[in-house]
Amino acid sequence: MSYIDGFIAAVPNDQKDAYKKYAQKIWPIFQQNGAVAMWECWGDDVPEGEVTSFSMSVKAKDDETVVFAWTVWPDKETRDAGWAKLGEEGEIQNTLMVMPFDGKRMIYGGFAPMLQCGTMPNT
């Protein structure tokens, strides 16, 4: 069964193009290590909450937008092996760590799908 890595991050508005280029640069690296799909979504309708919200969770500033993204792997074993290789020292690690946002405020995790309805449309 597929396995999903998901994250949200606050990206400075003036770094939108840099973020897109970063995502385009890391996709082939993830793909070479077993990922089958990657989605990067720029916040468009992300309301502020009173108790919790996407913005609060990553301490987004007024000049930042929340990004919601996920990577699809064929299964957890492929994901774990892919991340192990991605975590090795070298050029790949250096590429991954040059992020156009504050990685300390990123929230991420791995998720086992329990229900899928419909299909994802092409963008």
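**Group meeting: aromatic pairs, core and helices of a predicted model**

Ring pairs link Trp 39, Phe 54, Phe 68 and Trp 70 into a cluster. Good morning. The structure before you is a predicted model, and I shall begin with its aromatic residues, of which this cluster is one part.

How many aromatic pairs does the structure hold? There are seven. Let me take the pair of Tyr 19 and Tyr 22, whose ring centres are 6.4 Å apart and whose planes stand at 45 degrees, so the pair is tilted. A tilted pair is one whose planes are neither under 30 degrees apart nor over 60. Both tyrosines belong to helix H1, residues 16-32, and three residues separate them in sequence, about one turn of the helix. In general terms, an α-helix has 3.6 residues a turn, so residues three or four places apart point the same way.

Are these two tyrosines buried or exposed? Tyr 19 has a relative accessible area of 5% and is buried. Tyr 22, at 12%, also counts as buried, because the limit for that word is under 20%.

A further tilted pair is formed by Phe 30 and Trp 73, with 6.1 Å from centre to centre and 50 degrees between the planes. Phe 30 lies in helix H1, whereas Trp 73 lies in strand E3, residues 64-73, so this pair ties together parts that are 43 residues apart in sequence. Phe 30 is buried at 5% relative accessibility, and Trp 73 is buried with a relative accessible area of 0%.

These residues lead us to the nonpolar core. The largest such core has 18 residues. Which of them have the most contacts inside it? They are Tyr 19, Ile 26, Phe 30, Trp 73, Leu 86 and Phe 101. Three elements give two or more residues to this core: strand E1, residues 3-12, together with H1 and E3. The largest share comes from H1, which supplies six residues.

Leu 86, just named among the core residues, brings us to helix H3. This helix covers residues 76-86, and its buried residues are Arg 79, Gly 82 and Leu 86. Why do they count as lying on the same side of H3? The reason is that they cover an arc of only 65 degrees around the axis. At the start of H3, a side-chain oxygen of Asp 75 comes to within 3.3 Å of the backbone nitrogen of Glu 77. Lys 76 is placed over the face of Tyr 3, at 5.7 Å from the ring centre.

I turn next to strand E3, where Thr 65 has its place. Thr 65 is buried, with a relative accessible area of 15%. What does its side chain make a polar contact with? The partner is the side chain of Asn 13, at 2.5 Å. Setting aside residues up to four places away in sequence, Thr 65 touches Ala 9, Ala 10, Val 11, Asn 13, Trp 42 and Gly 43.

Helix H2 contains Ser 55, which is buried with a relative accessible area of 9%. Beyond its neighbours within four places in sequence, Ser 55 is in contact with Val 46, Glu 48, Ala 60 and Val 66.

Between helix H2, residues 54-57, and E3 there is a loop, and Lys 59 is found there. Its phi is near 55 degrees, a positive value in a residue other than glycine. Lys 59 counts as exposed, at 63% relative accessibility, because that word requires over 50%.

Finally, two residues towards the later part of the numbering. Met 99 lies in the loop between helix H4, residues 91-97, and strand E4, residues 107-111. At 23% relative accessibility, Met 99 counts as partly exposed. From C-alpha to C-alpha, Met 99 and Ala 84 are 19 Å apart in space, and they are 15 residues apart in sequence. Cys 117 lies in the segment after E4 and is exposed, with a relative accessible area of 65%. The C-alpha atoms of Cys 117 and Ile 26 are separated by 28 Å, the two residues being 91 apart along the chain.

To close, I return to helix H1: it gives six residues to the largest nonpolar core, and it holds both Tyr 19 and Tyr 22. Thank you for your attention.

Conventions: Residues numbered from 1 in each chain as written. Predicted model: local features only at pLDDT ≥ 70, side-chain atom pairs only at ≥ 80, totals over all residues. Heavy atoms only, no water. Buried < 20%, exposed > 50% of the residue type's maximum accessible area, 1.4 Å probe, protein only. Helix = DSSP H or I, 4+ residues; strand = E, 2+ residues; numbered from the N terminus. Arc of directions from axis to C-beta. Polar contact = N/O pair within 3.5 Å; in protein donor to acceptor, adjacent residues only side chain to side chain. Phe/Tyr/Trp six-rings, centres within 6.5 Å; stacked < 30°, edge-to-face > 60°. Lys NZ or Arg CZ within 6 Å of the ring centre and 35° of its normal. Contact = heavy atoms within 4.5 Å. Core = buried A, V, L, I, M, F, W, Y, C linked by side-chain atoms within 4.5 Å.
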